[in-house]
Amino acid sequence: MKKRTLGTSNIQVSEIAFGCMSLPQELQEAQAIIDAAVSSGINYFDTADLYNKGRNEELIGKLLKPHRQHVVLATKVGNQWNPDSEEVKWNATKPYILEQVHNSLRRLQTDYIDLYQLHGGMITDSIDETIEAFEALKKDGLIREYGISSIRPNVIMQYLEKSDIRSIMMQYSLLDRRPEEYLEEIQKAGRSVVTRGSLAKGLLTNEGIARAMKTGSYMAYQERELTKTIKQLMEIHPNLHALSLHSVLKQPAIASIVAGASSPSQIEDTVKAHETTVSPEQIKEALSRTKQGRYQEHRD
């Protein structure tokens with residue numbers, strides 16, 4: 001599988017990454033999916049301390065331990081969950097981040113994290129303090145690089161200006177093209193975008209029409225418009241899955257698409273779609289059939 005550089009770092013990530021949030025908790029099921037990902041050339045695995053209250057990190061740590069030297073392990077911090085309830089509080093303070101990294105390291109069974117990401121971010125945060133925490137962890141060798149997972153333009157711009165983040169994770173797909181407003185600026189700043197939601201919860205696969213009929217609406221698309229748009233996209237290329245992936249990867253700012261899977265066959269389908277040829281003309285046509293849109297400024 002082709003790899004791209006994460007920002008200006010020396011980390012090379014596969015163009016398709018595995019989003020671990022959807023991984024089943026049953027060990028044998030999870031093992032089969034991870035094995036399928038590794039054998040297909042996927043080297044980038046993304047999780048978060050919030051997923052299943054840390055149990056997802058524990059599972060990933062166990063399954064990837066034999067492959068640790070050959071994979072890029074990414075996790076996230078900032079959501080402080082209560083072990084006895086469903087309550088989650090936002091906490092981007094320096095002491096919290098410096099404490100929580102050790103819990104993630106323990107659960108992941110590793111002594112360093114390749115990419116440590118702030119799992120959100122608000123304009124009211126003490127951003128300088130948060131950056132200090134990540135820089136301290138990098139200096140201590142506990143993390144190689146750090147990034148942010150956010151859709152808030154005002155927060156993202158603050159980190160572009162003030163920090164040495166290498167990546168920004170954000171939702172981006174043919175049905176949600178809002179990030180295009182900022183991709184060129186992010187690329188010029190020497191950072192990379194890591195995408196999530198690029199298959200729009202399965203809408204942008206060859207089963208997309210059936211899913212669209214059940215979904216009703218998605219982002220800026222109402223029910224009829226959504227179904228019509230997906231039908232039009234399927235007419236452009238026989239493999240909508242491939243068209244969806246390559247329409248995202250055509251952007252120079254994109255380093256990797258984080259895609260989930262709940263079975264080995266879903267991994268295989270995504271890898272095959274990634275290997276399928278899609279022409280620039282087909283991508284251009286797909287973009288002409290979908291909306292670009294804008295992110296709203298978030299002041300919270």
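**View 1. The largest cavity and what lines its walls.** In this predicted model, the residues lining the largest cavity split into eight nonpolar, three polar and no charged. The cavity itself has a volume of about 50 Å³, and the structure holds just one cavity of 30 Å³ or more. Look around the walls and you'll meet Ile16, Ala17, Phe18 and Ile42, then Ala259, Gly260 and Ala261, and finally Gln266, Ile267, Thr270 and Val271. Strand S3 (16-19) and H10 each bring at least two residues to this lining. H10 is the top contributor here, with four.

**View 2. Phe18 and its neighbours.** Phe18 is part of the lining of the largest cavity, and now we zoom in on what touches it. Setting aside neighbours within four places in sequence, Phe18 is in contact with Leu23, Ile33, Ile34, Ile42, Tyr44, Phe45 and Asp46, and also with Val258, Ala259, Gly260, Ala261 and Ile267.

**View 3. The largest nonpolar core.** Nonpolar side chains tend to be buried together in soluble globular proteins. Here the largest nonpolar core has 79 residues, and the ones with the most contacts inside it are Phe18, Leu23, Phe45, Tyr116 and Ile267. Helix H9 gives the most to this core, with six residues. Apart from it lies another core, of 12 residues, including Ala17, Ala74, Leu115 and Met169.

**View 4. Aromatic rings around Tyr116.** A search of the whole structure turns up three aromatic pairs. In one of them, the ring centres of Tyr116 and Phe134 are 5.7 Å apart and the planes sit at 70°, so this pair is edge-to-face. Tyr116 belongs to strand S8 (residues 113-119) and Phe134 to helix H4 (residues 127-139), so the pair ties together parts that are 18 residues apart in sequence. Tyr116 is buried, with a relative accessible area of 0%, and Phe134 counts as buried too, at 1%. Ring pairs link Tyr116, Phe134 and Tyr146 into a cluster.

**View 5. Helix H2 under cover.** Helix H2 (residues 55-64) is mostly covered, with seven of its 10 residues buried. The buried ones are Asn56, Glu57, Leu59, Ile60, Gly61, Leu63 and Leu64. What do they pack against? Their partners are helix H1 (27-39), strand S4 (44-46), strand S5 (72-77) and helix H3 (94-108).

**View 6. The largest pocket.** This pocket has a volume of about 960 Å³. Its lining takes in 34 residues, and Leu199, Lys201, Gly202, Ala259 and Gly260 lie nearest the centre. Ala259 and Gly260 may ring a bell: they also line the largest cavity. Strand S10 (167-171), strand S12 (254-259) and helix H10 (264-275) each supply at least two residues of the pocket lining, and H10 gives the most, with five. Sorted by class, the lining has 11 nonpolar, 15 polar and eight charged residues.

**View 7. The second largest pocket.** Here the volume is about 180 Å³. Met1, Lys2, Arg4, Glu15 and Ser40 line this pocket, together with His246, Leu249, Lys250, His274, Glu275 and Thr276. Helix H9 (240-249) and H10 each supply at least two residues of the lining. By class, that makes two nonpolar, four polar and five charged residues.

Conventions
Residues numbered from 1 in each chain as written. Predicted model: local features only at pLDDT ≥ 70, side-chain atom pairs only at ≥ 80, totals over all residues. Heavy atoms only, no water. 1 Å grid on protein atoms, 1.4 Å probe; cavity = no way out; pocket = protein on both sides within 12 Å on 5 of 7 lines; lining within 4 Å. Points joined across faces, edges and corners; volume = space filled by probe spheres on them. Nonpolar A, V, L, I, M, F, W, Y, C, P; charged D, E, K, R; others polar. Core = buried A, V, L, I, M, F, W, Y, C linked by side-chain atoms within 4.5 Å. Buried < 20%, exposed > 50% of the residue type's maximum accessible area, 1.4 Å probe, protein only. Contact = heavy atoms within 4.5 Å. Phe/Tyr/Trp six-rings, centres within 6.5 Å; stacked < 30°, edge-to-face > 60°.
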